[in-house]
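The following exercises concern the fold, the strand pairing and several individual residues of one protein chain. Each task is followed by a solution in steps.

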Amino acid sequence: MKTLNLLAPVSQLVKPIRRQSASRVNALLINVPRVQLSNGKNKYLLMMIHMHGLTRFGRTIVRGSTSKDHEEIFEEIEKEMDKIGICTKCLGGGFISNKEDKKVMKIYGCCKTFGEAPHGRTKDILLSWTKFQHYNIILPKRNMNAYQE
C-alpha cells in the first residue's frame, strides 16, 4: 500500500499526451509532398510518416538526392518532420535513375544501411504523382533461375 501512495505524486507530475484529431493528422500528412526527386541518378529512401502513436494514419513518401548518402537523406527528412511533429520510419532504399528529358526512370539496387525498398511500391507511388504519370518506369528483373532446383 505504501508503494501506491509513493506513485500517486509521480502520476500528478506526468502530463497526459495530447491526442490529435484524425482530421488534423490528415491535414499535416497531406501537406507533406509525396515525392521529391532530382534529375539524374538519385539515392532514394522509401519512408513511412505518421503522427506519434497513430500509425494507421501513415503515409508513404519517396525522397531522393543526387548528392547525399542514404543516411544524410534520412537525417534531413527526420529533422524536417520532427519540426512539425511527424514520426518517420525508413522502409528501405535504393537508386532511381531519372531521365526527365526522355521520361524514363529505372528503380534498382539497395541501401546498405536500410536494406532494399519494395521497388514495386515505389513505382506505384511515383505513378500516382501527376508529374510522373506518363513516365516509363523500369524495375529490375528477378533472376527466377536462382529459386528453381
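Two strands are taken to pair if DSSP finds at least two bridges between them. The model examined here is predicted.

**Exercise 1. Determine how strand E5 is connected to strand E4 and to strand E6.**

Step 1. Strand E4 covers residues 86–99, and five bridges join E4 to E5. The two strands run antiparallel.

Step 2. Within this pairing, Asn98 is the residue opposite Met105 of E5.

Step 3. The connection between E4 and E5 is a hairpin, with four residues between the strands. In the turn, Lys103 has a positive phi of about 55°.

Step 4. Strand E6 comprises residues 136–138 and pairs with E5 in the parallel sense, over three bridges. To get from E5 to E6, the chain passes through helix H4 (residues 119–128), and this β-α-β crossover is right-handed.

Step 5. Met105 also stands opposite Ile137 in E6.

**Exercise 2. Assign the residues of strand E5 to its covered and uncovered faces.**

Step 1. In a regular strand, side chains alternate between the two faces of the sheet.

Step 2. Strand E5 spans residues 104–108. Its covered face consists of Met105 and Ile107.

Step 3. The uncovered face carries Val104, Lys106 and Tyr108.

**Exercise 3. Establish whether His70 is buried or exposed, and state which residues are in contact with His70.**

Step 1. UniProt, in an unreviewed entry, lists His70 under "active site". The residue is located in helix H3, which covers residues 70–83.

Step 2. The relative accessible area of His70 is 7%. Buried means under 20%, so His70 is buried.

Step 3. Neighbours within four places in sequence are set aside. The contacts of His70 are then Lys43, Tyr44, Leu45, Gly93, Gly94, Phe95, Cys111 and Phe114.

**Exercise 4. Explain why Cys111 forms no bond with the closest cysteine sulfur, in Cys90.**

Step 1. The sulfur of Cys111 is 6.5 Å from that of Cys90. A disulfide requires cysteine sulfur atoms within 2.5 Å, so the pair is too far apart for a bond.

Step 2. By this rule, the count of disulfides is zero. Cys90 is accordingly in no disulfide.

Step 3. Both residues can also be classified by accessibility. Cys90 has a relative accessible area of 18% and is buried, and Cys111, at 3%, also counts as buried.

**Exercise 5. Describe the surroundings of Thr122 in helix H4.**

Step 1. Thr122 is buried, with a relative accessible area of 0%.

Step 2. Its side chain and that of Tyr44 are joined by a polar contact of 3.1 Å.

Step 3. With neighbours within four places in sequence left aside, Thr122 is in contact with Tyr44, Leu46, Val62, Ile96, Ile107 and Ala117. One of these, Ile107, belongs to the covered face of E5.

**Exercise 6. Summarise the chain as a whole.**

Step 1. The chain contains four helices and six strands. Read along the sequence, they follow the pattern α-α-β-β-β-α-β-β-α-β.

Step 2. Of the 149 residues in the chain, 34% are buried.

Step 3. Among contacts with a separation of 6 or more, 67% involve residues 24 or more positions apart.

Note on methods:
Residues numbered from 1 in each chain as written. Predicted model: local features only at pLDDT ≥ 70, side-chain atom pairs only at ≥ 80, totals over all residues. Heavy atoms only, no water. Buried < 20%, exposed > 50% of the residue type's maximum accessible area, 1.4 Å probe, protein only. Right-handed = clockwise from strand over helix to strand, strands pointing away. UniProt positions renumbered as here; feature names shortened; annotations may be inferred. Contact = heavy atoms within 4.5 Å. Polar contact = N/O pair within 3.5 Å; in protein donor to acceptor, adjacent residues only side chain to side chain.
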